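Me: Please take a close look with me at one part of this chain, the way its pieces pack together. I am new to this, so explain each term when it first comes up.

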Amino acid sequence: MSPVIPIHAESGACASSPAVHTERGQREVFCGLTGIIWLHRKIQDAFFLVVGSRTCAHLIQSAAGVMIFAEPRFGTAIIDERDLAGLADANEELDKVVHKLLTRRPDIRTLFLVGSCPSEVIKLDLSRAAERLSRVHNPAVRVLNYSGSGIETTFTQGEDACLQAMVPVLPTLAPKSPKRLMVVGTLADIVEDQLLRLLHDMGIERVDFFPPRNSTLLPDIGADTVFLLAQPFLADTSVALLARGAQRLPAPFPLGVEGTTAWLQAAATAFGVSDQVFEQVTQAPKQRAMAALARQRPQLEGKKIFFFPDSQLEIPLARFLHRELGMTLGEIGTPYLHRKLMAEELAWLPEGCRITEGQHVENQLDRCHAEAPDLVVCGLGLANPLEAQGLATKWAIELVFTPIQGYEQAPDLAELFCRPLRRRIKLAA
Ligand code: SF4
């Protein structure tokens with residue numbers, strides 16, 4: 001059995017940990033409410049009720065592009081200014097809103113109360129509200145809560161908080177059950193189906209995805225569960241799963257050919273799949289993806305990329321773009337660096353690369369201009385000003401909304417970086 005694919009010496013991989021600079025200051029990043037946009041598409045019988053202000057309602061509606069005739073599976077209970085004495089009323093109002101919602105939408109099986117940052121909301125104890133409402137609406141609806149507040153969470157941390165809230169209600173796997181694999185992190189259904197097919201073809205039969213498409217079909221968990229993270233921003237969920245007795249399989253993330261192969265290899269090794277079977281199953285999709293990437297490489301090779309901190313996907317993306325497409329790495333910003341979860345990715349970064357954890361946006365903008373990268377990955381708020389200053393940008397949010405994991409998606413992922421460069425060339429012509 002071969003271990004996770006080796007780090008190629010010729011790629012200039014890091015022999016030691018890369019330099020990490022930590023900074024604090026003004027941040028330009030979405031809050032965790034944004035996660036609702038992909039979570040509500042994934043968990044098809046859940047509803048996300050933001051307990052927040054009009055600002056929260058505007059953010060979530062404009063980010064999700066709500067259609068007026070659609071029956072969305074998220075909404076906002078707007079809590080106006082009130083003093084502490086008015087909290088009883090706020091709880092009563094919340095109960096009324098929930099009752100009305102659940103009466104009108106009998107398809108809802110799990111209701112998430114999502115906290116936000118206005119002080120009126122912080123004063124409300126949403127975990128007690130969730131317990132109270134769960135008792136009232138049990139067994140038809142389970143009510144859970146988490147915070148998507150901009151004070152506590154950035155962008156993708158909303159998903160981490162949501163999944164962490166679900167871990168305690170996962171059923172317990174009977175002792176001495178056959179080993180199960182849990183794939184953790186929201187993936188597009190098409191990616192999930194492809195990865196499941198590959199795992200099944202290797203002979204790994206018992207595979208669960210968390211979160212599931214249906215919230216009433218929660219996967220069992222216990223000492224015989226091993227899990228693979230499919231997304232890098234799930235540190236708290238990972239801790240909660242470990243506390244339920246599951247074991248994490250260390251692996252890079254399934255981005256690009258190398259990342260996908262190493263990720264699948266971690267599962268194959270844990271389930272005793274032979275090298276021969278692993279090769280048979282992965283060879284064709286791997287070769288297709290490599291051939292497509294080889295065609296795209298000339299557009300990206302030698303181009304310098306700079307990452308502002310946003311989705312926590314920055315390090316795996318930098319690794320993919322450098323190792324498989326020959327891009328030069330400028331600064332790699334990340335909101336948080338979870339060294340344990342990122343260990344395999346960090347080992348694949350080239351010698352001398354620079355990682356910044358946290359953000360002081362003014363200082364970072366100065367460094368970005370000084371580096372004069374060919375492409376900048378950043379949030380929506382920074383993209384337009386940077387474009388106006390002559391820099392090509394890629395919106396980090398697109399990387400979360402687009403299916404990018406696995407072999408079949410590797411060329412689509414590369415294309416997301418080729419497109420803004422082509423556009424800039426056309427504009428300059
Ligand atoms: S949770 Fe906070 S940061 Fe997010 S939209 Fe609401 S008020 Fe703004």
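**Inside the fold**

Reply: Of the 429 residues in the chain, 46% count as buried. A residue is called buried if 20 or more other C-beta atoms lie within 10 Å of its own, exposed if 12 or fewer do, and partly exposed in between, with C-beta atoms placed from the backbone. Please keep in mind that this is a predicted model: local features need pLDDT of at least 70, side-chain atom pairs count only at pLDDT 80 or more, and totals for chains, interfaces and linings use all residues. Residues are numbered from 1 along each chain as its sequence is written.

Let us start with the overall frame. The chain contains 16 helices and 14 strands (DSSP runs numbered from the N terminus: H or I of at least four residues for a helix, E of at least two for a strand). Along the principal axes, its C-alpha atoms fill a box of roughly 65 × 55 × 40 Å. Among contacts between residues at least 6 apart in sequence, 76% join residues at least 24 apart; a contact means that two C-beta atoms, placed from the backbone, lie within 7 Å.

Now find helix α6, residues 157–166. Nine of its ten residues are buried, so this helix is mostly covered. You can pick them out one by one: Gln-157, Gly-158, Glu-159, Asp-160, Ala-161, Cys-162, Leu-163, Ala-165 and Met-166. What do they pack against? The partners of these buried α6 residues are two helices and three strands. The helices are α1 (36–42) and α8 (235–243), and the strands are β4 (110–115), β5 (142–147) and β7 (207–210).

Two of those strands lead us to some unusual peptide bonds. In the loop between α5 (126–137) and β5 sits Pro-139, and the bond joining Asn-138 to Pro-139 is cis, with omega about 0°. Pro-211 is placed in the loop between β7 and β8 (225–229). The bond from Phe-210 to Pro-211 is cis too, with an omega near 15°.

If you move along the chain from α6 toward β6 (180–184), the loop between them holds Lys-176. This residue has a positive phi, near 60°, although Lys-176 is not a glycine. Lys-176 is exposed, because 8 other C-beta atoms lie within 10 Å. Gln-312 also has a positive phi without being a glycine, with a value near 70°. Its loop runs between β10 (304–307) and α11 (314–323). Gln-312 has 26 C-beta neighbours inside 10 Å and therefore counts as buried.

Next, look at a pair of helices side by side. Helix α9 (residues 256–270) and helix α10 (residues 275–300) have axes that come within 10 Å and cross at roughly 170°. These axes are lines fitted to C-alpha atoms over the stretch in contact, and angles between N-to-C directions run from 0 to 180 degrees. The two helices are therefore roughly antiparallel to each other (over 145 degrees; under 35 is roughly parallel, 65 to 115 roughly perpendicular, the rest oblique). On the α9 side, the contact is made by Val-257, Thr-261, Leu-264, Gln-265 and Ala-268. On the α10 side, Phe-278, Thr-282, Lys-286, Ala-289, Met-290 and Leu-293 take part.

Toward the end of the chain, helix α16 (residues 410–428) includes Phe-417. With 24 C-beta neighbours inside 10 Å, Phe-417 is buried. Not counting residues up to four places away in sequence, Phe-417 touches Leu-300, Leu-321, Leu-375 and Lys-394. Leu-375 and Phe-417 are 42 residues apart in sequence, and their C-alpha atoms are 8.0 Å apart.

The loop between α15 (396–401) and α16 holds Glu-408. Here 17 C-beta neighbours lie inside 10 Å, so Glu-408 counts as partly exposed. Beyond four places in sequence, Glu-408 is in contact with Gln-194 and Pro-285. The C-alpha atoms of Glu-408 and Ala-284 are 11 Å apart, with 124 residues separating them along the chain.

Finally, here is the place where the ligand sits. Its shell has 13 residues, and the closest are Cys-31, Cys-56, Ser-116, Cys-117 and Gly-150 (near means a C-beta atom, placed from the backbone, within 6 Å). Helix α2 (residues 54–64) gives the largest share of this shell, three residues.
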